[in-house]
Amino acid sequence: MIRLTMIQILAEYPLLLLFVVASLGYLIGNISIKGNSLGVAAILFTGLFFGAIDAQLQIPEIVLLLGLSIYVYSIGLSSGPAFFESYRKNGIRDFLFIISMLILSGCIAATLWYLFGFSAATITGAYAGSTTNTAALAGVIDYMSNTFPKEQAAELTQELVVGYSFSYPMGVLGGIIAIIVMEKVFRINYEKEKLNLQDHYPLEQELKRISIEVSEVEATHIKLRELLKKHQWKVAFCRIIRDEKMDLISRDTHFLLGDILTVVGNQEELTRLKQVLGKETDSLMVYDRSNFDTTRIFVSNPEVAGRSIASLNLEEKYYAKITRIRRGDVDMLANGDTILELGDRIRFVAQRDDIKKLSKLFGDSYQASSKVNLFSFGLGIGLGLILGTIELNLGSSFSFKLGYAGGPLIVGLILGALRRTGPIVWSLPYSANVTLEQIGLILLLTAIGVRSGNSFIDSFSMEGIYVFGASAVISLLTALSILFVGYKIIKLPFSFLMGMVSNQPAILDFAASRTKNRIPVFGYAMMFPLALIMKIVIAQVLFLVLH
């Protein structure tokens, strides 16, 4: 009686159901067994459980679409700069690698059709489900309805959906299992990978400040710009003490024996620096703040967001120097090419009289730096949804739409790379972007799980078990191939490849929880737009060839 009452309450109030599933799933996801946990992916499986209990338990489709659009658009905004920079450097290599791996997954599905006698519709559904690509499923359904008589189309669609329903859970589990297996096989050190990639992606750097006394004659009477050009140091020079007088270091500064310098960088770069300049010192004069002080200032002024540090000409207007920037939990060295974003915390060394002026220039408001600009955010997602509704035709037999995932993601990548267009700042404050990603993901996984749970149980049969096994083969072999070929042959970082095998947000979150950084997100952003289109095409080709 109590069970019926609870089901009736949850069925009548889908919003309550949404939060019950999300909270329980999040709780379960935090349970760690031998250092492994499902993370937010547990919300999906919790949703499947609730959906399987009773067909009355449903979450409106608009919740799913809302969560999907917010999630992928936020991912696009945060990944845009790194996405285009990566394709600029390794575009052809990465493009061919992604295409070949996607074609491999289609070939695996065709081989299973040949070996086990699945219908063309069933194996196509299994392919779409094992790659968790709803757009591919929709594309094939649309082709069936426009090509076959109504009754035949309905029958084929049912087979397609059964294949999809049974394979979708394995589409999520396959990627997670492949990541766990291959990280142990290759003995991956995520911390070492992060150190190797921190110059290419906005990642946490273990920065420290030291004082160096210039004692090497070869480094004297040479402008700093020449030394930087020769040695390529990745450090920030701050202050110089000469004859007991303190000043800021510029690129035109030349050093003399006995100068004491304060420098910020990671341990490796600072060690290289000391080999050329001199020895580390504990001089107390570097702590003198009578003329210069250090302070952190929030970037909350939209006028400076999306602009490079060099374009602000700070050193010409103020007696100040930026030494580092903290974005979220990441400390980064500042240079002229660094693009400022809302929510950045800039560390300055500045003359006391200029600190208030700098605070006014950058805004320095935590509250303002945490707000979402609803105009730019709504306009960006709106443009993405419009792009997603456009039907793209590839010949007379193939047509597809980017949909609620592809459209917002592609627009998000473009706008994230642009950062601003005239007065419109597209990028979001780091804290706001992370929050929106999390909200979108929770809405998406909860809705997918609950909506799929009952159909999964209804379709359960011996054929369903075979389809589930086939999807396991497709999902695992594809993910294992991407990780093996990418890591051993293409020599891509394993952390990056984890994002490339994350064909579903739950896998991506799991990957990020393993690495404890955002490198998988960059791999996901590179793979997803191309994979979305290719999977739609491959699914339709698969059905056409096998039917």
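**Reading strands, sheets and burial**

Colleague: Strand β7 (residues 320-327) pairs with β8 in the antiparallel sense, over four bridges. What does it take for two strands to pair?

Modeller: Two strands pair if DSSP finds at least two bridges between them. The strands themselves are DSSP runs too (E, at least two residues), as are helices (H or I, at least four), and both are numbered from the N terminus. Within the β7-β8 pair, Arg324 has Leu333 of β8 as its bridge partner, and Arg326 stands opposite Asp331.

A word on the source: this is a predicted model, so local features need pLDDT of at least 70 and side-chain atom pairs count only at pLDDT 80 or more, while totals for chains, interfaces and linings use all residues. Residues are numbered from 1 along each chain as its sequence is written, and side-chain values use heavy atoms, with hydrogens and water left out.

Colleague: Which strand does β7 meet over six bridges?

Modeller: That is β9, again antiparallel. Lys321 is the residue whose bridge partner in β9 is Val349.

Colleague: What is the strand order in the open sheet, and which strands are at the edges?

Modeller: Four strands run in the order β6-β9-β7-β8, with antiparallel pairing. β6 (292-298) and β8 (330-333) are the edge strands, each pairing on one side only. On average, neighbours in this sheet are turned by 25 degrees against each other, direction ignored. For such angles, axes are lines fitted to C-alpha atoms (for helices over the stretch in contact), and the values run from 0 to 180 degrees between N-to-C directions.

Colleague: Which helix packs on this sheet?

Modeller: Helix α12 (residues 352-362) does, touching β6, β7 and β9 (345-351), and its direction makes about 150 degrees with that of β9. Contact here means heavy atoms within 4.5 Å.

Colleague: Now burial. How many residues of β7 are buried?

Modeller: The general idea is relative accessible area: under 20% is buried, over 50% exposed, and in between partly exposed (1.4 Å probe, protein chains only). In β7, seven of the eight residues are buried. Strand β2 (residues 236-242) is mostly covered as well, with six of seven buried. Across the 547 residues of the chain, 53% count as buried.

Colleague: Which strands does β2 pair with?

Modeller: Two partners to look at: β4 (residues 260-265), antiparallel over four bridges, and β3 (residues 245-248), also antiparallel over four. Ile240 stands opposite Leu261 in β4, and Arg239 has Leu248 of β3 as its bridge partner. The hairpin of β2 and β3 has two residues between the strands, and there Asp243 takes a positive phi near 55 degrees.

Colleague: Cys238 lies within that strand's range. Is Cys238 buried or exposed?

Modeller: Cys238 counts as buried because its relative accessible area is 2%. Cys107 is partly exposed, at 42%. As for disulfides (a pair of cysteine sulfur atoms within 2.5 Å), a search of the whole structure finds zero.

Colleague: How far does helix α15 reach, end to end?

Modeller: The expected span of a helix is 1.5 Å times one less than its number of residues. α15 (residues 403-418) has 16 residues and reaches 23 Å from first C-alpha to last, close to the expected 22 Å. Its buried residues include Ala405, Leu409, Val411 and Leu415. Just after the helix, Arg419 takes a positive phi of about 70 degrees.
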